[in-house]
Amino acid sequence: MHLEPIELNRRTVSEIAGSISIACWVVVFAPQIYENFRRKSSDGLSLMFIILWLIGDIFNIVGAIMQNLLPTMIILAAYYTVADIILWFQCIWYNKNNANKKPSLNRTNNTTHINSTNIQSKITSNSENDTYDGDIVENTTECEPMLTGDSIEHHSSAMRRHADTPTKTPEMEDIESRTTKAKKKENYINDLFIVTVVMFAGFLSWYISYCNNTDSRKSPKTPPSLGDSEKMNILAQIFGYLSAVLYLGSRIPQILLNFKRKSCEGVSLLFFLFACLGNINFILSVLAVSVSKKYLLVNASWLIGSAGTLLLDMTIFAQFFIYTHSKDS
């Protein structure tokens, strides 16, 4: 392979943006899948968000096939569907496990409450049954145990935890605050590094193909990532618009869940960051080819879906920073 100088024109800009978009979409689900696996919980994700996204990807596959898009795009759409199913399975699995744990916790709390009530009633009963005759005190229930072994152990462990809990001084709080800020800064740097690597990988994959196909660059045909034909397929357009509506609707439950919890804990920032970058580069790859009316109509459903979800993802980004700042304050 010989290194070739890059000739910037509409086609190369479209191809570069398209390649970076594909690279972002390939890894978009990995951060959230890992986050769920690490926390053994998916409570930060809205199940309806995943379901709507999954249905949207299914319509996307059908529309892409009927509109004669590049096989790579169809494979990516199928990959999105598989990743959606993995996220959906995680939500079902972890929610089921957490639901199974809650009853046992409730039973423990009820048992503790009952033991405490029994202890208090016994104390009251003993006080009422005590008879005083000079210096002699007779307790009719002095042989009845006041505390069970479990209650004593629970009380002792609680006292030990209270005794072992150190009182935080202002110096300790200052050190803890600086440590938290340093950790967050490190996380942001790591995220920036990951994003840079993924985008560079997308550009590098395009450049290798660019150097190996010098002859094909001379032909003025439309970049294959956008399809080889501008012929309107009505049924494909219907599926495209359905997927756009579902993509837009999928963000609403997640935004509402974040607002209700006043937190984005459990949601991967990289998940939505790669989604935003993927949509931005996809829109750029489409508009770089042409802005003619016919061309935009053919790609309107995909443009609306990408642009709309991009705006809603920006809302989720705003929630990340607002709730993080509020928590730090």
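This passage looks at ring pairs, charges over rings and salt bridges in a predicted model.

Aromatic rings are a good place to begin. The count comes to 14 aromatic pairs in this structure. One of them joins Phe29 and Trp53, whose ring centres are 5.2 Å apart. Their planes meet at 45°, so this pair is tilted, because only angles under 30 degrees count as stacked and those over 60 as edge-to-face. The two partners come from distant parts of the chain, 24 residues apart. Phe29 sits in the loop between helix 1 (10–27) and helix 2 (30–39), whereas Trp53 belongs to helix 3 (residues 47–66). Both rings are shielded: Phe29 is buried, with a relative accessible area of 1%, and Trp53 is buried too, at 4%. These two rings also take part in a wider group, since ring pairs link Phe29, Phe49, Trp53, Phe271 and Phe272 into a cluster.

Rings can also be found with charged side chains over them in this model. Trp53 has Arg251 over its face, at 4.4 Å from the ring centre. Further along, the face of Phe259 has Lys262 over it, and here the distance to the ring centre is 3.9 Å.

Charged side chains lead on to salt bridges. Side chains of opposite charge can pair when their charged atoms come close. Across the whole structure, four salt bridges are found, among them the three described here.

In helix 1, Glu15 is paired with Arg11, and their closest N and O atoms are 3.1 Å apart. The two residues are four apart in the helix, so about one helical turn separates them. Arg11 counts as buried because its relative accessible area, 16%, is under 20%.

Helix 2 holds a similar arrangement, with Arg38 and Glu35 three residues apart, about one turn of the helix. Their salt bridge has its closest N and O atoms 2.9 Å apart. Glu35 is buried, with a relative accessible area of 15%.

The salt bridge between Arg251 and Asp313 has an N to O distance of 2.8 Å. Arg251 lies in helix 7 (residues 234–261) and Asp313 in helix 10 (residues 300–328), so this pair ties together parts that are 62 residues apart in sequence. Both partners are buried: the relative accessible area is 1% for Arg251 and 0% for Asp313. Arg251 thus appears in two settings, over the face of Trp53 and in a salt bridge with Asp313.

Notes:
Residues are numbered from 1 along each chain as its sequence is written. This is a predicted model: local features need pLDDT of at least 70, side-chain atom pairs count only at pLDDT 80 or more; totals for chains, interfaces and linings use all residues. Side-chain values use heavy atoms; hydrogens and water are left out. Rings of Phe, Tyr and Trp (its six-membered ring) pair if their centres lie within 6.5 Å; planes under 30 degrees apart count as stacked, over 60 as edge-to-face and the rest as tilted. Buried means under 20% relative accessible area, exposed over 50%, partly exposed in between (1.4 Å probe, protein chains only). A charge sits over a ring if NZ of Lys or CZ of Arg is within 6 Å of the ring centre and within 35 degrees of the ring normal.
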